[in-house]
Amino acid sequence: MTRKAPVLALDQLIDDRRTRIIVCCGSGGVGKTTLAAAVGLRAAERGRHVVVLTVDPARRLAQSMGLSSLDNTPRPVPGVQAGGRDDERGEPGRAGSMHAMMLDMKRTFDEIVEAHADPDRAAQILANPFYQSLSSSFSGTQEYMAMEKLGQLRRADEWDLIVVDTPPSRSALDFLDAPARLGRLLDGRLIRVLMVPARAGGRAYMKVLSAGFGMVTGVLTKVLGAQVLRDAQTFVSALDTMFGGFRERAEHTYQLLQAPGTAFVVIAAPEPDALREASYFVERLADERMPLAGLVINRVHRSAASRLSAARSLAAAENLDGTRYPLAAAALRLHADLTQLQARERRLAEHFTSAHPAVPVTEVPALAEDVHDLNGLRVIGRHLTA
Ligand SMILES: Nc1ncnc2c1ncn2[C@@H]1O[C@H](COP(=O)(O)OP(=O)(O)O)[C@@H](O)[C@H]1O
Ligand SMILES: [Mg+2]
């Protein structure tokens with residue numbers, strides 16, 4: 001017997017005023033950005049004041065939300081309508097509002113520097129090539145900055161719901177790991193490495209430094225020379241006003257993510273890798289005591305003629321082979337493929353549920369075309385909550 005997963009009730013989640021942050025996470029390409037925007041729009045049209053923090057929206061989707069450039073500031077989304085929701089007192093539904101922004105990770109990093117160092121020092125840091133490569137190419141910077149931005153939006157207190165899309169990393173766990181990693185780099189390891197006296201001269205020093213730089217991207221390693229070393233040292237001494245800051249901020253954001261008003265929505269494609277990743281993520285959230293709302297399986301396949309089995313469909317196709325009905329035979333074979341695909345997807349979903357029986361699940365079908373405007377987002381929103 002197969003177990004049935006509880007249903008993820010997204011409307012209940014977005015209508016609950018106590019929900020303040022929804023984080024959409026999952027592995028690359030599963031639909032995080034699309035779903036974050038769809039959840040945000042639906043919540044706005046049901047009366048909430050929403051800001052959606054997107055990381056890498058496709059161009060047309062961004063344009064449809066009124067985002068034309070990467071300016072790191074929430075912009076109002078035109079076209080939000082009242083959803084017609086009747087609230088508890090029976091009043092007609094009132095539209096809330098929606099803002100959206102695209103994360104600019106370098107700009108966010110710069111703003112932290114500007115906020116924490118006096119103008120001269122800030123200018124010195126910003127001009128530093130070492131800083132420039134760290135702020136634009138360190139492999140955890142985007143995740144860290146997404147969290148940083150989330151903290152800023154929460155502190156601004158202008159919205160009653162923040163929906164966060166997460167960076168396009170391969171692994172969903174990067175989002176949770178990167179801030180601590182970057183915090184460690186900036187607060188501890190890097191500093192200690194740079195404080196090693198250059199007594200043995202260039203070569204030995206370089207060795208120590210490269211060991212410490214294991215996690216910094218190849219770009220930096222490639223250009224690592226005497227000049228960069230000097231830059232790194234000035235960077236560090238200029239940055240000392242901010243020491244402790246980074247780790248502290250990362251910890252703050254972690255607390256925000258553990259707070260009762262936060263809900264994680266894990267997104268996966270109906271494929272083994274994505275669901276395995278979702279499984280890890282769900283376990284990790286439990287370890288971190290971070291509140292999980294549930295799993296969305298996005299882009300599932302559904303067939304209009306679900307009562308015709310794959311086997312019968314194939315048999316019928318074979319009967320038609322060599323007749324005057326090649327198109328019908330092809331359609332039957334297509335139907336057989338689709339039915340088998342559906343069965344495989346169902347098995348994968350059941351596999352997830354048998355491992356995590358308490359995790360609520362909902363499914364969104366694969367639409368015929370990409371989601372690139374508010375109407376497309378509304379369609380996704382309706383499926384999400386159907
Ligand atoms: N249910 C769906 N049906 C059809 N296309 C979808 C669906 N969900 C997402 N897409 C499309 O898939 C692509 C990747 O989605 P995106 O949200 O950018 O993924 P991610 O942010 O996880 O990398 C986009 O082109 C989007 O329009
Ligand atoms: Mg994305």
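Three elements, α2, β7 (292-300) and β8 (361-365), each supply at least two residues of the shell around ligand 1. The model is a predicted one. Within that shell, α2 makes the largest contribution, with three residues. The shell around ligand 1 holds 16 residues, and those that come nearest are Gly31, Lys32, Thr33, Thr34 and Leu367. Sorted by character, the shell residues around ligand 1 are seven nonpolar, five polar and four charged.

Several polar pairs can be picked out between the protein and ligand 1. A nitrogen atom of ligand 1 lies 2.9 Å from an N or O atom in the side chain of Asn298. Arg299 places a polar side-chain atom 2.9 Å from an oxygen atom of ligand 1. At Val371 the partner belongs to the backbone: a polar backbone atom of this residue is 2.9 Å from an oxygen atom of ligand 1. Ligand 1 taken alone exposes 560 Å², and the protein buries 87% of that area.

The magnesium ion is ligand 2, and its protein donors are Thr33, through OG1, and Asp56, through OD. These donors lie 2.1 to 2.3 Å from the ion. Thr33 sits in helix α2 (residues 32-45), while Asp56 sits in the loop between β2 (49-54) and α3 (59-64), so the pair ties together parts that are 23 residues apart in sequence. Thr33 also appears among the residues that come nearest to ligand 1. How do the two donors stand in terms of exposure, buried or partly exposed? Thr33 is buried, with a relative accessible area of 11%. Asp56 is partly exposed, and its relative accessible area is 35%. Water is not among the atoms, so the magnesium site may look incomplete.

The cysteines are the last topic. A disulfide is a covalent bond between the sulfur atoms of two cysteines. How many disulfides does the model contain? The count comes to zero, with a cut-off of 2.5 Å between cysteine sulfur atoms. For Cys24, the closest cysteine sulfur is that of Cys25, and because the distance is 7.4 Å, it is too far for a bond. Seen from Cys25, the closest cysteine sulfur is in Cys24, again at 7.4 Å and too far for a bond. Cys24 is buried, with a relative accessible area of 1%. Cys25 is buried as well, with a relative accessible area of 1%.

Notes
Residues are numbered from 1 along each chain as its sequence is written. Chains are lettered from A and ligands numbered from 1 in the order in which they are written. This is a predicted model: local features need pLDDT of at least 70, side-chain atom pairs count only at pLDDT 80 or more; totals for chains, interfaces and linings use all residues. Side-chain values use heavy atoms; hydrogens and water are left out. Donors are N, O and S atoms within 2.8 Å of the metal (3.2 Å for Na, K and Ca); water is not among the atoms, so sites may look incomplete. Helices (H or I, at least four residues) and strands (E, at least two) are DSSP runs, numbered from the N terminus. Buried means under 20% relative accessible area, exposed over 50%, partly exposed in between (1.4 Å probe, protein chains only). A residue is near a molecule or strand if one of its heavy atoms lies within 4 Å of it. A polar contact is a pair of N or O atoms within 3.5 Å; within protein, one must be able to donate a hydrogen and the other to accept it, and residues adjacent in sequence count only if both atoms are side-chain atoms. Accessible areas come from the Shrake-Rupley method with a 1.4 Å probe; for residues, only the protein chains shown count as cover. Ala, Val, Leu, Ile, Met, Phe, Trp, Tyr, Cys and Pro count as nonpolar, Asp, Glu, Lys and Arg as charged, and the others, Gly among them, as polar.
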